[in-house]
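Please open the structure in your viewer and keep the selection panel at hand. The tour goes from one selection to the next and says what is there each time.

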Amino acid sequence: MEMNASYTSFAALGDSFTEGMSDRLPDGSYRGWADVLATRLAARTPGFRYANLAVRGKLIGQIVEEQVAPAVALRPDVITLVGGLNDTLRPKCDMGRVRGLLTEAVERLAPACKQLVLMRSPGRDGPVLQRFRPRMEELFAHVDQLAEQHGALVVDLYGVPVLGDQRMWDVDRLHLTAAGHRKVAEAVWQTLGMDAEDDWRSPLPPAVRPGWARSRTADLTFARQHLVPWIGRRITGRSSGDGRSGAHFSAERGRAFWVTPADDANPGPVSEWVRVED
């Protein structure tokens with residue numbers, strides 16, 4: 001049963017999860033669940049508009065400072081906000097401040113759109129999830145509370161077994177694979193009230209356990225290529241998002257812009273997005 005089949009615009013806010021890492025395209029850019037969702041929504045509505053403002057590495061304070069006002073100015077039909085998880089993964093995290101900033105974001109975004117969508121993010125099964133689980137669950141409890149107060153929808157991905165499966169996560173162990181992003185897109189699609197196109201909760205086939213040598217090689221590759229650089233950024237106070245803007249944000253003009261299907265008069269599969277001139 002569809003709640004609303006006439007969404008005409010969508011803006012996505014957040015960090016690397018919404019930017020689309022690690023769903024890499026041949027040109028080196030990322031696609032991710034938000035782009036997949038926008039493509040599906042655009043196939044239903046002529047002239048559909050989309051803006052992805054998410055930037056990897058951003059903390060909730062940076063999302064509020066850099067992304068909320070541009071999204072409010074667009075006044076889209078749908079806004080998705082996923083943020084705060086990067087904060088919970090820091091060694092020192094003021095959860096009171098995180099809750100306050102998330103509250104501020106929701107209070108500003110909810111009146112600026114027809115439907116605000118929040119999320120309880122997925123986590124990869126393993127020691128990192130176990131270590132930071134109490135903070136994550138505190139964050140998600142606040143998400144639920146804010147959604148109830150402001151009429152937002154919540155996409156609940158946390159604890160869904162298939163999204164905890166290590167095969168759904170890239171070699172960096174922080175970002176979903178393309179298959180994982182597509183499951184998230186389907187989950188958001190269904191939460192918006194659209195007819196299900198597949199069962200995103202369906203589990204993967206039983207895994208074949210890798211041998212000891214293969215597991216140790218994977219651990220060493222992960223440490224060398226991803227863990228050590230991540231630790232280095234934490235020590236020096238740098239972020240993978242430093243100097244970056246969202247895919248649809250003009251730093252020169254200081255505001256977000258829309259993209260629309262190149263053939264924006266006819267619903268159907270989107271082969272190319274083009275910038276809407278303003």
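**A guided tour**

The protein has nine helices and nine strands, where helices (H or I, at least four residues) and strands (E, at least two) are DSSP runs numbered from the N terminus. This is a predicted model, in which local features need pLDDT of at least 70 and side-chain atom pairs count only at pLDDT 80 or more, while totals for chains, interfaces and linings use all residues. Residues are numbered from 1 along each chain as its sequence is written, and side-chain values use heavy atoms, with hydrogens and water left out.

With the whole protein selected, note that 49% of its 278 residues are buried; here buried means under 20% relative accessible area, exposed over 50%, and partly exposed in between, with a 1.4 Å probe and protein chains only.

Next, select strand S3, residues 78-82, where five of the five residues are buried. In a regular strand the side chains alternate between the two faces of the sheet. In S3 both faces are covered, with Val78, Thr80 and Val82 buried on one side and Ile79 and Leu81 buried on the other.

Add strand S1, residues 9-14, which pairs with S3 in the parallel sense over five bridges (strands pair if DSSP finds at least two bridges between them); alanine 11 stands opposite isoleucine 79 in S3. Then add strand S4, residues 115-120, which runs parallel to S3 and is joined to S3 by three bridges, with valine 78 opposite glutamine 115.

Stay with S4 and select arginine 120, which is buried because its relative accessible area is 16%. Arginine 120 forms a salt bridge with aspartate 144, the closest N and O atoms being 2.9 Å apart (a salt bridge is a side-chain nitrogen of Lys or Arg within 4 Å of a carboxyl oxygen of Asp or Glu). Aspartate 144 lies in helix H6, residues 127-150, so this pair ties S4 to a part 24 residues away in sequence. The side chain of arginine 120 also meets that of aspartate 156 in a salt bridge of 2.9 Å, N to O. Aspartate 156 belongs to strand S5, residues 153-156, so the second pair ties together parts that are 36 residues apart in sequence.

Finally, select lysine 58 in the loop between strand S2 (49-52) and helix H3 (60-74). Is this lysine 58 buried or exposed? Lysine 58 counts as buried, because its relative accessibility is 6%.
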